[in-house]
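Biologist: Could you walk me through this one before I set anything up with it? I'll ask, you answer.

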Amino acid sequence: MAGGGGGGVTPLGPAPPMWYHRDLSRAAAEELLARAGRDGSFLVRDSESVNGAYALCVLFQKHVHTYRILPDDEGFLAVQTSQGVQPKRFKTLPELVSLYLQPNQGLVTTLLYAVDREETAVTDDRDYSDGEDEKPPLPPRSASTSTPPGPETPTESTLAANGLSTISHEYLKGSYALDLEAVKQGASSLPHLNKTLVASCKRLNGEVDKVLSGLEILSKVFDQQSAFMVTKMIQQSVNQGGDQELENLVTKLAILKDLLSSIEKKALKALQDMSLSSPCSPPPFSMRHSKAIPVQAFEVKLDVYLAELTKIGKSQKYTLSVDVEGGRLVVMKKVKDNQEDWTTFTHDKIRQLIKSQRVQNKLGIVFEKEKDKSQRKDFIFASAKKREAFCQLLQLMKNKHSNQDEPDMISIFIGTWNMGSVPSPKSVASWVLCRGLGKTLDEMTVTIPHDLYVFGSQENSVCDREWVESLRAVLKEQTELDYKPIAVQTLWSIKLAVLVKPEHENRISHVGMSSVKTGIANTLGNKGAVGVSFMFNGTSFGFVNCHLTSGNEKIARRNQNYLDILRLLSLGDKQLSSFDISLRFTHLFWLGDLNYRLDMDIQEILNYINRKEFEPLLKVDQLNLEREKNKVFLRFAEEEISFPPTYRYERGSRDTYVWQKQKATGMRTNVPSWCDRILWKSYPETHIVCNSYGCTDDIVTSDHSPVFGTFEVGVTSQFVSKKGLPKSSEQAYIEFESIEAIVKTASRTKFFIEFYSTCLEEFKKSYENDSQSSDNVNFLRVGWSNKQLTTLKPLLSEIEYLQDQHLLLTVKSVDGYESYGECVLALKSMIGSTAQQFHTYLSHRGEETGNIRGSMRVRVPAERMGTRERLYEWISVDQDETSGPKGKSTMVSRVGHEYVKQSVVRKQLGELGKVNEEGEKNCKEENAARSKQDTPDGESSIGKNSFNNPAYYILEGVPHPSAAELLSSPTSPTAPPVKAPPPSAGARTKPPPAASGPAHSRRTVVAGHPARGVSEESSSEDDGGGALAGAQGGGIGGTVGSTLNRPPPDFPPPPLPKGALETAAAEAQLSKPRSLYPDLAEVRIPPAGPAGPLVMGDGFRRGAAGALDDQSCSVLQMAKTLSESEFPGQPPRAPSAPPPVRAPTIGILDACRTFPPRNPIPESIAEDMPEEALWGSSSSSLSVGESSVGEWLQRLGLERYEQGLLHNGWDDLEFLSDITEEDLEEAGVLDPAHKQILLESLRQQQQQK
């Protein structure tokens, strides 16, 4: 750390002064100074940009000024000055600060008031609730073997690098003059330079010897002549020095070059000769494939419509048989007299799988019948799990028989288990097979081996080698594969092991490991985290296993543990040190015993668990609540939890929770909780789907149950251009028209942007921002025009390569070179001849620090435009139906994860749906790529987007003087006033719910439905005529009657379509919003006004497709207009619940979700029909949807059967007319009287026609 030192006088003096805040973040320092509120307030912290340096932060006229304090070569400290100004040097920080306590020393103001750090007692870190108040267990002996050197311990490679630079420096400083003198005297050689070169190449010499020794064995087998030369050269290299040693190295390098270039040809010839003379031997076991996957059969029904029913009569039953090994799908239809009619489709004839979004067990399959002709058939599976198993098997079949050398997609198993300091049972098969409770895999697919297995464990007393071998044995027993461990990292009893399929071993590179201690005083490893990172071909992965502070009341401490791990874990590309680990990887998985508890009475918790009602418990889950406040796991995703709490069970049983523990300090309570979790965060426009998330119910040795999750993840290959490096005429370019950012800071310095990407040879910098403004002391708006932004040249110009690349941006200050916010952009949706817009959030050290938007394009030359379909694009989601089951969401739970493509048949209705092909394609790709991470918990209206949250920008406890402007919008003076509820005395302000993530994936809500977590603080701002005025509360920090905060500035939103506004206004009149809380003011939608224009001129114009990028729809527009109310008549859902969709009306919700609207109108019923059943544009069938079926059942008083009928595909009254008693029984109608009522009612309806 910066304040460290060994021996002698340290920079901090005898003891660290109270104004020194060590590793305090820049944002936290600004907040402390804002609280102090007096000009001349100051503190010193460690620099975030330079190791060993400090930052002096001074408050003056409500702005924070930062000065860098840099050490020189002799260890003296000085404030960085302008060029040409002589710095004043000091031995210690207190000496430096004492000078600037005097007036007129060159700072913006004299240092007057020191802001002291808050000292926390060490005893506060102890975990009393779980019996950890005694001494923590000593670390296992094996821990030292895999723990990397700490930050203060230079590694061997660092020393070597420093050694080489020192040798060169010494020659240029001293020996160079001696060689020069020798040349002047007529010498023909440079002995000192030769000596320097020999010393510099010493390590290289040794490495070459190692390589040659290894190749010597191969040479003896395949090339006797080369082997003789290698052996002779190795013998000659012994005991040689001086000129001969250097010449010998050059000769060895030449031999090595010739050997490497020729040995493959000679080896191939030798093996060909051997193959002719001897029979083939079986491959080694590690190269064998896993056991063959048996043919799997699925019983399904053909989903047909009125047009088809006239031809075939009753519903058809089919059997779909998947032969993964043979690459065939057999579609068998049962006909009369037990005869069967079957058709076989090879893997290349199956064009696409289309999942129904509304009916979870419905799947469309597009078959190739003849050249350029296809046929779609829709099938109803027995359950959604069966449909997913079928899709998984077909994907496996496609992958197995693909002509691609490298995979597009891999499957990852992730497990976490607190073992309770006892050895594991003999078998943990249920863990690796994902058997148990929650979202589990179908039995047909549980035994299919995953490509990667990641095991995280806590309180694991087993030594590393024994633990890994036991895991390998379990996997070998279940898969018949010998999995290879690629990394094992341990911190005391926290372990992380990663194993890979043998066939992928060579695809793994750049393996890194790290650990962070967060135990008592951050020095003990009983709590903390271990991490592993690596590249799988061209995709970067990071895995973090942590054990956080326990205790029901230790929420803040757990949050701090997370932030410490995020900042200190050293993983991934070292060039990305400006970014925390949540942005360094394409996919980051975070697992472990997070120890967050449930805030509810124990008896209530037990009652809900007994009734298997988990939603009320998830609403009081501390992790969910902290994520909603953006305190932790910013933009991470978690699959919906559908299994009981995994802690704290009675050991030896899974029937009883033990929630009381007698301690010397008294009785301690540990309520049942979901302590063990798996979360993830992925780059935008990447493919990731969680296929299972649950826990075992038969491993009972610990008081925690093991948790498992499986993921389908898209990966990229190490791209090799078939056309070579681009010529100047074939070069692709990444061009920016303009960028604008809002940064949370009280500083008024200048900024520049750094651009990082694996597609760039090195990182690039922009020039300083050329526009800057501020409407609020707590944040700053900065802009860069085209002339300030550099054009980036990717290494390769193929579109197939560029569409998988991402660009990392960091906004840095000119004065301290410290980052004020980072973000990641996908190049995929920016490719084209016309500039596209982006709009996303900025974060730093796990905190949201602002937002950024701009206009850019990726120009790809025409000759480099060829691309191919990825395997994960082969399955799409059909947004076909217009409505869903009552009271349930029609959206899939993993919103944004499904890769959406154009459906086979599409009919646009109405003016809002008229979007050209390119715009529609872009929209769907963006929709598919926005991961659940963008809406941290599915219920996106409450997953706040802090950079549009007024309470976020106003530093806590600092009232803003300009409250008079609060209730009048800066862009529209016609915004109606809103009554502010009276502040509640002594209550802390609850953060307001603002929209989260990109506009299309937010759970935005329309008037009439109660919203969870309505804030006492929000803002009123007219967003192009469609804004709601939010209720505004006082009492920040518990002070009654304090001034109200004005809203933060935000980018003016794009104008809404007139039709959408009119529809929204009409909807608003139909139902009056009802208040969730008694003191919540009534929310009204104002009449549509003129749309506010976009700022930044041409830099933010619409693209060629006539559609703005998803993220360019102002988040304020959604948050201010729609976040205070929801649809009427539905209870609030758990944070993980998917968003509701109201159809068929297209209101402000749909219009703004993707503006301009891209295919907002529901598709025609014809889209779901098989092609041979289409009758053209007219159809006499009733509209597909449960409304008519539901009303019919409700009229008969038998609405309980609605779900079962829909589940089996009986979603149309016309279709129901052919239903049989057998069909009714399969749908759950078992009562004979009820069957008779239903059949009689249908018969009467037929007679009336």
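Modeller: Sure, and let's begin with the surface: the protein chain exposes about 53,200 Å², and carbon and sulfur atoms supply 53% of that. Keep in mind that this is a predicted model.

Biologist: What is the mean pLDDT of the protein chain?

Modeller: Confidence varies along the chain, with 63% of the residues at 70 or more. Over residues 3-8 the pLDDT is below 50, and that stretch has six contacts beyond near neighbours in sequence. Residues 141-165 stay under 50 too, with 22 contacts beyond four places in sequence. Taken over the protein chain, the mean pLDDT is 73.

Biologist: What percentage of the residues is buried?

Modeller: The chain holds 27 helices and 36 strands. Of the contacts between residues at least 6 apart in sequence, 72% join residues at least 24 apart. Out of 1249 residues, the buried part is 57%.

Biologist: Which strands are at the edges of the five-stranded sheet?

Modeller: This sheet is open, has mixed pairing, and runs in the order β4-β3-β2-β1-β5. An edge strand pairs on one side only, and here those strands are β4 (77-79) and β5.

Biologist: Which residue is the bridge partner of F42 in β5?

Modeller: Start with β1, where six of six residues are buried. On one pairing, five bridges join β1 to β2, antiparallel, with D46 partnered by Y54. Two bridges join β1 to β5 (residues 113-114), and those two strands run parallel. In that β5 pairing, F42 has as its partner A114.

Biologist: And over at β4, which residue does L70 stand opposite?

Modeller: β3 and β4 run antiparallel and are joined by three bridges. Helix α2 (residues 93-100) lies across β1, β2, β3 and β4, at about 30° to β4. Within β4, the residue opposite L70 is A78.

Biologist: What angle does the direction of α1 make with that of β1?

Modeller: Helix α1 covers residues 26-36, and its buried residues include A29, L32 and L33. The cover over its buried residues includes β1 (41-46), β2 (54-60) and β3 (63-71), along with β27 (733-744), β33 (819-826) and β35 (847-859). Just after the helix, G37 takes a positive phi of about 75°. α1 packs on the sheet, touching β1, β2 and β3, and its angle to β1 is about 165°.

Biologist: Now the eight-stranded sheet: by how much are neighbouring strands turned against each other on average?

Modeller: It is another open sheet with mixed pairing, ordered β9-β8-β7-β6-β12-β11-β10-β36. At its edges are β9 (340-346) and β36 (875-878), each pairing on one side only. Ignoring direction, the average turn between neighbouring strands is 35°.

Biologist: Which helix lies across β6, β7, β8, β10, β11 and β36?

Modeller: For orientation, β6 (residues 296-302) and β12 (residues 373-380) run antiparallel with two bridges, and K301 stands opposite I380 there. The helix you want spans residues 384-400 and runs at about 155° to β10, so to label it by name, it is α10.Biologist: Which helix gives the largest share of the largest nonpolar core?

Modeller: That core has 50 residues, and I412, I414, F534, F541, F543, F589 and F711 touch the most other members. Setting aside neighbours within four places in sequence, I412 is in contact with residues including H450, L452, F541, F589 and V713. Apart from this core lies another of 45 residues, among them F298, L1193, L1224 and L1242. Back in the largest core, five residues come from residues 602-610, which is helix α14.

Biologist: Last one: is Y767 buried or exposed?

Modeller: Y767 is in the loop between β29 (764-765) and β30 (771-776). Beyond four places in sequence, its contacts are F751, F752, W784, K787 and Q788. E754 is 13 residues away in sequence and 9.5 Å away in space, C-alpha to C-alpha. With a relative accessible area of 57%, which is over the 50% cut-off, Y767 is exposed.

Definitions and conventions
Residues numbered from 1 in each chain as written. Predicted model: local features only at pLDDT ≥ 70, side-chain atom pairs only at ≥ 80, totals over all residues. Heavy atoms only, no water. pLDDT = per-residue confidence, 0-100. Contact = heavy atoms within 4.5 Å. Helix = DSSP H or I, 4+ residues; strand = E, 2+ residues; numbered from the N terminus. Buried < 20%, exposed > 50% of the residue type's maximum accessible area, 1.4 Å probe, protein only. Areas by Shrake-Rupley, 256 points an atom, 1.4 Å probe, with all protein chains shown as cover. Pairing = 2+ DSSP bridges. Axes fitted to C-alpha atoms, helices over the stretch in contact; angles between N-to-C directions. Core = buried A, V, L, I, M, F, W, Y, C linked by side-chain atoms within 4.5 Å.
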